[in-house]
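The following exercises concern one protein model and are to be worked through in order. Each task is followed by a solution in steps.

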Amino acid sequence: MRAEVSYPPREIVLLATKEEKELELWARNEGDFKFIRSYPIRKASGGPGPKLREGDKQVPEGIYRITHLNPNSQFHLSMGLNYPNSFDLVRARKEGRSNLGGSIFIHGKAESTGCLAVGDIAIEELFVLVNAIGTEQVSVIIAPHDPRRRPLDGFASHLPLWAVELYADISREFARFPKEDI
């Protein structure tokens, strides 16, 4: 009500920042997205930088979709992400990488390796919301840190060269959700 978005909204976007350990929920029926609330990320393994292979314990970075809801998750409830997406697959193919991993989720509890654990209460709220509007109406953007606070640096020595393009895409997406609206 406070955001002037009726329930259930038509579309939602989840903005995840690894450094800040925050998951923002934005929603809209028509017009601009409105900030709804923020959830703490209780656990996310790895550090800044994209996921490159199975077992690297990295949370992916990029623009993803929810593929499915799992009510029988060992982590209470979970929502699967489409990692690796087409961007991830093209970059891996060009570099000759295979076995990129998968099974990346936003889930309950407070433990994780490669996923975003938001705790049981938060995942219950998000799971019900996503179930109500449909997975095709949900985008998930994961960044190493909030590019609205400081620019993403795609030129770090430990990052692949294509991180410049990835971080530009992520930054453009985050710019659609002004921090001053929070």
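Helices (at least four residues) and strands (at least two) are DSSP runs, numbered from the N terminus, so that E1 denotes a strand and H1 a helix. The model is predicted.

**Exercise 1. Determine which secondary structure elements the protein has and in which order they run.**

Step 1. The protein contains eight strands and three helices.
Step 2. Read from the N terminus, the order is β-β-β-β-β-α-β-β-α-β-α.
Step 3. The radius of gyration is 16 Å, close to the 16 Å that the globule rule gives for 182 residues, so the protein is as compact as a globular protein of that length.

**Exercise 2. Locate the cis peptide bonds that precede Pro8 and Pro84.**

Step 1. Tyr7 and Pro8 are joined by a cis peptide bond, with omega at about -5 degrees.
Step 2. Pro8 belongs to the segment before strand E1 (11-17).
Step 3. The bond from Tyr83 to Pro84 is also cis, and its omega is near -5 degrees.
Step 4. Pro84 is placed in the loop between strand E5 (78-81) and helix H1 (86-95).

**Exercise 3. Describe helix H2 and state which of its residues are buried.**

Step 1. Helix H2 covers residues 120-133, which amounts to 14 residues.
Step 2. From its first C-alpha to its last, H2 reaches 20 Å, close to the 20 Å expected at 1.5 Å a residue.
Step 3. A residue counts as buried when its relative accessible area is under 20%.
Step 4. In H2 the buried residues are Ala122, Ile123, Leu126, Phe127, Leu129, Val130 and Ile133.
Step 5. An α-helix has 3.6 residues a turn, so residues three or four places apart point the same way.
Step 6. Just after H2, Gly134 has a positive phi of about 95 degrees.

**Exercise 4. For Lys57 and Lys109, give phi, the place in the chain and the degree of exposure.**

Step 1. Lys57, a residue other than glycine, has a positive phi near 60 degrees.
Step 2. Lys57 lies in the loop between strand E3 (34-40) and strand E4 (62-70).
Step 3. The relative accessible area of Lys57 is 52%; the cut-off for exposed is over 50%, so Lys57 is exposed.
Step 4. Lys109, likewise not a glycine, has a positive phi near 65 degrees.
Step 5. Lys109 is found in the loop between strand E6 (105-107) and strand E7 (116-117).
Step 6. With a relative accessible area of 32%, Lys109 is partly exposed.

Technical notes. Residues numbered from 1 in each chain as written. Predicted model: local features only at pLDDT ≥ 70, side-chain atom pairs only at ≥ 80, totals over all residues. Heavy atoms only, no water. Rg over C-alpha atoms; globule rule 2.2 N^0.38 Å. Expected span 1.5 Å × (residues − 1). Buried < 20%, exposed > 50% of the residue type's maximum accessible area, 1.4 Å probe, protein only.
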